[in-house]
Amino acid sequence: MNKVIFRAADISKSFPGVKALQQVNLSLNHGSIHALLGENGAGKSTLIKIITGIHRQDHGKLMLDDQLLQLHGPHDAISQGIGVVHQERNLIPRFSVSENIFLESLGNKGQTRIDYRAMHEKARVWLDMLALDVDPATPVNRLSVAQMQLVEIAKALSLKSKVLLLDEPTASLTSHETDTLFSVLHRLRDSGVSLVFVSHKLEEVQEICDQVTVLRDGVNACESRPMQGLDRQDIVKLMIGRSEQIPDWAARARSTSGIALELQDVCTSSGHRDVNLQVRRAEIVGLYGLVGAGRTELAKAILGKDRIVSGTIEVDGSPATISNVADAVEKYHIGYVSEDRKQEGLILMHSIIENVGITVWQQLGKARAFLTNRTIREHVEPYINKLEVKTPSLNQYVNNLSGGNQQKVSVAKWLAAGVHVLIIDEPSVGIDIKTKAYLHELIRELADTEDTAILLISSDMPEMITLADRIVVMNDFQVMGDIVNTRDYATMSEAIMNLIHRKQADKPTTPQTTPQPDNRAAL
Amino acid sequence: MNNVSSTQPPTSDAMRLEDESPPRTGSSRLGPQLTRLLLSNEFGLLALIILFSVIFALATPGFTSSFSLFAMGRTAAVNIIIGFSMMVVIVSGGLNLSVGSIGVCVAMAGGWLMQVAGVPWYLGVVGALVLGAMIGALNGIMIVKTGLHSFIITLATMSIFFGVMIFLTQAGSFRELPPEYVQFGRMKINGVVSPLLIVTLLIGVVLSVFFRLTTSGRRLLAAGANPDAAELSGIRVDRTIILCHALSGVLAGIAGLMLVSRTGAAIPSMAGQLGQDWLLPAFLGPVLGGTLLTGGRASVLGTLLGAFLVTLLTTGLLLLQVGAFWVQTCLGLLLLAAVLIDLSRRTYLARHNLI
């Protein structure tokens, strides 16, 4: 019954200066879901790339059905039945669902005409199997993120994959969408497909995986162990070499400190209606909601990037007119850590010092004729050191840093700016447990010692409950209510979910189409 | 520049940890610093300049004559400024196809101010350059307001500016310019060096300072590299784009006025139809010099060397009596070769963790 279908044995791989993998083993049972875990940089991606034929191992071998596998490229892997759904979207946005699914085979026919009707029908089979109710002729850019994810899985399955690797498939999904995906994965497993599941969310891993392989610094911390009998702390211990320290922070009362940021009946051009929100000095206000609830859009409206149609914003008790982001930063000392650090948070091709210094050029440049790197460094270096950014030099390009260090840089630039209000959007997407815990401490400390008012946007419920003093729940571009955080996970998560669902109970007729399709596509 | 740790001891454990194990490189005998220097664009260009200088000096006796050197320096002065005028826009992630057109407009305005309006030559220069800044800023404003790519806008304005200029001047030239002004372009320092070349070098220094040591220059680089991130960091990307186009207009104007001083007349056809003759030198300098076409990175020295190399090759090939059309072909091939070499150079550096 527990037949091993695929084995990676003694895999080693070096890149210049780095031993990415050293004698790593992984064996995959027929019809199982296998978790591949590890912190950022532990070697998960490298292993996946070797299994899917993108990289070649230096040593070791891959066995499929007891046959030695020689992969000379991704095509070989696909033809052997090894499919992969990468973290990044690999769909062509303007092509239809079925064109995307059959992209690999479209080219084989050369000059012959494509029979679209037959192709749509064939696609329908896979879509039905995944319980995805969309017309195969729809261009994929009209789909939600979760639907796109399912199309990618359909594509991998249509290639007759026996082994399917999923690299963080739930990173951008809501919990409801995640549930749908999991039921699909269960069905796939039961039909005999072997799945490798990579995720940073341990709750999910425990929920659906049968076996687990953990990598730490390029070696096996454990190999193909049954998930049964392992609890969260065991897994964390395997991943980081010690147990996770859950911060036991006292609840803080901030109801007496001054109001740093207040929104009154704010409506925006992106669709918010009558949003009221208060953030006090030294307070961390969590903004919770499902993906597409309009939280990031609200942050951008506060920053002056999206237009405010009606209502008022007050900063430190006096009305503020913020017509662009420069106003927000310079006049009102509001900073924003973007959820999309590669596109919006950082300038990847520039150095650390330029990225951190960007918020202080204006201020430093006023006092002197020439702004030297030395001046900037004197100002920003303490913050970079405080955040323990790992780098050989401040002139290192940010592109070359790991995800966690990049995130530290994108936070450091706002520490350097000394903002009074900091909006932090999904601070721990794609960063490992150690860095995440570190950032949490830092955010808490920022509120405690610097009196910074913090508006924290997160879809990560444990993170929200760890950090926030008060949690404001948003749904469909409206504020549904707020709750003082008691730090009791069970009651808090229930209260939050009730707030989100209140809307559906109150207004059952509100159709799904209310959130702008543009926003969904952008996410 | 790159050596932070030698001037200042690393303060955090994290930094020290990494300092003790620098990234190993493929060429282990050379230090990474040296490899990086040897593979830099500027070094490559310098090597090519020396190589071709030696070849031309051996092949044609006229190449090293003081007249030839003077003429080459004077031509290089103009080509380098043309390269700069394109570079400052490329840095922002855009293009300015109207550099030639603006250059001629400014040159004609300068000619008109000096000859018809009768203002002293220095006021004529200043007035004409103000016009250049305004025309350039107009490009920038249109790009920012419409949200269209600078390619389309400047393609249109290239025609518009040139057409308006021809209409206003009735396609006539200004040939009676103040002698001091014309003298400037013909003057020789020590018999070989043109003062125009000195002006160009000074402008190069000013641009280097602008990009390295001023807030505006840093903002321009940031906005060019990633406009979204720059905007969310509090940079007014719109203003930055307008500024860089105004700067491009001024630089194109300087190049135009230099040509006027050299030829002693402001002539509408001095940069070809619509100013198109400037396009190849405008792109060659920055591209050879390693300015990224996607924006965000500039090399003033590279552009200077790149434009100089182009001038050197043109002069040398013409002295070798290669036909003028072949020279154009060679320049085109050079542009293509430069891009390909740059690509492999960058791949090498990236693969060995030297970037």
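**Figure 1. Chain B is built from helices, with 16 helices and 0 strands.** This is a predicted model, so please read each view as a prediction. Of the 355 residues in chain B, 49% count as buried. Contacts between residues at least 6 apart in sequence are worth a look here: 77% of them join residues at least 24 apart. The accessible surface of chain B comes to about 16100 Å², and 69% of that area belongs to carbon and sulfur atoms.

**Figure 2. Gly275(B) sits in a loop between two helices of chain B.** The helices on either side of this loop are H13 (237-263) and H14 (279-288). Is Gly275(B) buried or exposed? Its relative accessibility is 1%, and buried means under 20%, so Gly275(B) counts as buried. Leaving aside neighbours within four places in sequence, Gly275(B) is in contact with Gly100(B), Ser101(B) and Phe162(B). Try finding Ile102(B) as well: Gly275(B) and Ile102(B) are 173 residues apart along the chain, while their C-alpha atoms are separated by 8.0 Å.

**Figure 3. Chain A combines 20 helices with 20 strands.** Its radius of gyration is 24 Å, close to the 24 Å that the globule rule gives for 523 residues, so chain A is as compact as a globular protein of that length. Along the principal axes, the C-alpha atoms fill a box of roughly 70 × 55 × 50 Å. Of the 523 residues in chain A, 54% count as buried. Among contacts with a separation of 6 or more, 67% come from residues 24 or more positions apart. Chain A exposes about 22700 Å², with carbon and sulfur atoms supplying 48% of it. There are 56 positive and 64 negative charges in chain A, and the mean positions of the two groups are 4 Å apart.

**Figure 4. Helix H9 of chain A packs its buried residues against several other elements.** Which residues of H9 (232-240) are buried? They are Ile235(A), Val236(A), Leu238(A), Met239(A) and Ile240(A). An α-helix has 3.6 residues a turn, so residues three or four places apart point the same way. The packing partners of the buried residues include three strands you can look for in turn, E3 (33-37), E9 (211-216) and E10 (219-226). The helices H8 (202-208) and H17 (433-450) of chain A are partners too. Now look at the two ends of H9(A). Asp231(A) caps the N-terminal end, where a side-chain oxygen lies 3.2 Å from the backbone nitrogen of Gln233(A). After the helix comes Gly241(A), whose phi is positive, near 80 degrees.

**Figure 5. Ile353(A) is a buried residue in helix H13 of chain A.** This helix covers residues 352-357. Ile353(A) has 3% relative accessibility, which means that it counts as buried under the 20% cut-off. What does Ile353(A) touch, not counting residues up to four places away in sequence? The list is Asn373(A), Ile376(A), Arg377(A), Val380(A), Leu394(A) and Asn395(A). For one of these, Ile376(A), the separation from Ile353(A) is 23 residues in sequence and 7.5 Å in space, C-alpha to C-alpha.

**Figure 6. Gln406(A) is a buried residue in helix H16 of chain A.** The helix runs over residues 403-417. With 2% relative accessibility, Gln406(A) counts as buried. Where does a polar atom of the Gln406(A) side chain lie 3.0 Å from a backbone oxygen? Look at Val398(A), which provides that oxygen. Val398(A) is also among the contacts of Gln406(A) once neighbours within four places in sequence are left aside. The others are Arg341(A), Lys342(A), Leu346(A), Leu348(A), Asn399(A) and Leu401(A).

**Figure 7. Asp10(A) and Asp65(A) each have a positive phi.** Most residues other than glycine have a negative phi. Asp10(A) has a phi near 50 degrees, and the phi of Asp65(A) is near 50 degrees. Where is each one found? Asp10(A) lies in strand E1 (4-15) of chain A, whereas Asp65(A) is in the loop between strand E4 (59-64) and strand E5 (67-69). Asp10(A) is partly exposed, with a relative accessible area of 43%. Asp65(A) is partly exposed as well, with a relative accessible area of 32%.

Conventions:
Residues numbered from 1 in each chain as written. Chains lettered and ligands numbered in written order. Heavy atoms only, no water. Helix = DSSP H or I, 4+ residues; strand = E, 2+ residues; numbered from the N terminus. Rg over C-alpha atoms; globule rule 2.2 N^0.38 Å. Buried < 20%, exposed > 50% of the residue type's maximum accessible area, 1.4 Å probe, protein only. Contact = heavy atoms within 4.5 Å. Areas by Shrake-Rupley, 256 points an atom, 1.4 Å probe, with all protein chains shown as cover. Lys, Arg positive; Asp, Glu negative; His and termini not counted. Charge placed at Lys NZ, Arg CZ, Asp CG, Glu CD. Polar contact = N/O pair within 3.5 Å; in protein donor to acceptor, adjacent residues only side chain to side chain.
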